[in-house]
Amino acid sequence: MRRTALLAGIAASALLLAACSSTADTSSTSTANADTKAEINYAYWDATQEAAMKKIIEEFNKEYPNITVKSDVTPYSEYFGKLQTQASSDTLPDVFWMNGPNFQLYASNDKFEPIPDAIDPENYPQALNDLYSFDGTQYGVPKDFDTVAVYYNKALFDQAGVAYPTEGWTWEEFQEKANAISDALKADGVYGTVNGLTGGQEVYYNTILQAGGEVISADGKTSGYDSPESIAGLQLVADLIADGSAPTLQQLSDTPQNVWFVNGKSAMFWSGTWSNAELRESAIVDDIEVAPLPKGKQEATVIHGLANVVAKSSENKAAALAFQAFLGSDRAAVIQAEAGAALPAYEGTQDAFIASAPYNLQVFLDEAENYSFPYPVSKNTAAWNQLENELLPAAFSGERPVADVAKELAEKMNASLAEEK
């Protein structure tokens, strides 16, 4: 599910999107039925969820046998760049995944159709309904939601003679375990932890919150990166690389963090519920367990969720809205839950997801209920996400002092936020 960190290339898309408007006939919004004949495209980025999405389409076709749904799966690294091009020419897919950071940009440029009356927002967490609403209108149907926890490899902990994480553990305990495992298993090329160190959702947004800081102010107008608390959160990430507890950024650019963990080369892996589908099918599945994130000044995790949206430019609006409604149903939610694909947003359907793996996925739900914080967004989140991607690697690699980078990032982020209309 992840995947909320933005592609840098979309940062310039605000002008592109604003330069055009939907020109397709949008009047065809009559309700679809079993006789409706149409072909629609469904775009998403996570190949690990493809099996679940295909099963959902099969179930949809039992109710709408004459609506053909063609899946378009694009790697996340290319997804939003492709979407930007399609939005500029009003050739967006009929139905597609949307995340919080990108939502306001597309909604403000009139690229979405409002959700159909058949969908009851009461079935989903209010925070997600709010995330996918703009100027009082809801456009996205919540698909899933996620928090971040620590997947760990019990076999590697045992091999290194290090005790497993426990509930309520601290940053200091996390660092001690990561460093001890790296030292003990260095000859085997094993690290104590591996993280998406250039991805905010998995790691540094969480450490910033745990330190008592913030990425962006509650009103979305100012950066929080230059506060002492936020700097402390970033420093933890840099320290993990500096002391050898985690791979370098160059190593991570060569081999993604999930591959390190699945191949038994990392004992811990900060990630979200989106990793479950891959991990439960991995060779190390019997050695995996899940622990809550360690705490700094407080316990904290970012919470986010994806939504299914319909393009306003769709030429098969009735069919697209019918499919969006089905995607938002309890039937679809249970299918993705049983497949372990994602933690469904539809209230009362999460138990199937919790039971989908042999390790303790309940941790993610407990975090959501007890100490989750909204994913940081603004109208043009991508602009300052690009700044994060450009500046923070120098802090994490030790090339520049963390505080210096954080203050420069805050200054440039504030300039970007001031330009938002």
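These legends describe an overview and several close-up views of one predicted protein model.

The model is predicted: local features need pLDDT of at least 70, side-chain atom pairs count only at pLDDT 80 or more, and totals for chains, interfaces and linings use all residues. Residues are numbered from 1 along each chain as its sequence is written, and side-chain values use heavy atoms, with hydrogens and water left out.

**Overview. The whole protein has 18 helices and 13 strands.** Helices (H or I, at least four residues) and strands (E, at least two) are DSSP runs, numbered from the N terminus. The C-alpha trace spans about 65 × 50 × 35 Å along its principal axes. The radius of gyration is 21 Å, which agrees with the value near 22 Å for a compact globule of 421 residues. That radius is taken over C-alpha atoms, and the globule rule is 2.2 Å times the number of residues to the power 0.38. Of the 421 residues, 58% count as buried. Buried means under 20% relative accessible area, exposed means over 50%, and partly exposed lies in between (1.4 Å probe, protein chains only). Contact means heavy atoms within 4.5 Å. Among contacts with a separation of 6 or more, 78% come from residues 24 or more positions apart.

**Surface and charge. The accessible surface comes to about 16200 Å².** Carbon and sulfur atoms hold 47% of that surface. Areas come from the Shrake-Rupley method with a 1.4 Å probe; for residues, only the protein chains shown count as cover. There are 26 positive and 58 negative side chains. Lys and Arg count as positive, Asp and Glu as negative; His and the chain ends are not counted. The centres of the two sets lie 4 Å apart. Each charge is placed at NZ of Lys, CZ of Arg, CG of Asp or CD of Glu.

**Close-up 1. Gln201 pairs with Asp146 through their side chains.** Find Gln201 in helix 8, residues 200-210. Gln201 is buried, because its relative accessible area is 1%. The polar contact between the side chains of Gln201 and Asp146 is 2.7 Å. A polar contact is a pair of N or O atoms within 3.5 Å; within protein, one must be able to donate a hydrogen and the other to accept it, and residues adjacent in sequence count only if both atoms are side-chain atoms.

**Close-up 2. Ala410 in helix 18 touches Ser223.** Helix 18 covers residues 402-418. Ala410 has 1% relative accessibility, so this residue counts as buried. Beyond residues up to four places away in sequence, Ala410 touches Ser223, Tyr225 and Asp226. Thr222 is 188 residues from Ala410 in sequence, and their C-alpha atoms are 8.2 Å apart. Now look at Ser223, in the loop between helix 8 and helix 9 (228-242). Ser223 is buried too, at 9% relative accessibility. A polar atom of the Ser223 side chain lies 3.1 Å from the backbone nitrogen of Tyr225. Contacts of Ser223 outside four places in sequence include Val215, Met413, Asn414 and Leu417.

**Close-up 3. Helix 4 is largely enclosed by the rest of the structure.** Seven of its nine residues (100-108) are buried. Gly100, Pro101, Asn102, Phe103, Leu105, Tyr106 and Ala107 are the buried ones. Just after helix 4 comes Asp110. Asp110 sits in the loop between helix 4 and helix 5 (126-131). Its relative accessibility is 35%, so Asp110 counts as partly exposed. Phi of Asp110 is positive, near 60°. Most residues other than glycine have a negative phi.

**Close-up 4. Helix 3 and the loop after it hold Gln86 and Asp90.** Gln86 belongs to helix 3, residues 76-88. With a relative accessible area of 16%, Gln86 is buried. Gln86 touches Thr91, Leu92 and Pro93, leaving out residues up to four places away in sequence. Asp90 lies in the loop between helix 3 and strand 3 (95-98). Asp90 counts as buried, at 14% relative accessibility. Phi of Asp90 is near 55°, a positive value in a residue other than glycine.

**Close-up 5. Ala311 is buried in a loop.** The loop runs between strand 12 (307-310) and helix 13 (317-327). The relative accessible area of Ala311 is 0%. Outside four places in sequence, Ala311 is in contact with Leu92, Pro93, Asp94, Phe96, Lys111, Glu113 and Lys317. Lys154 is 157 residues from Ala311 along the chain, and their C-alpha atoms are separated by 45 Å.
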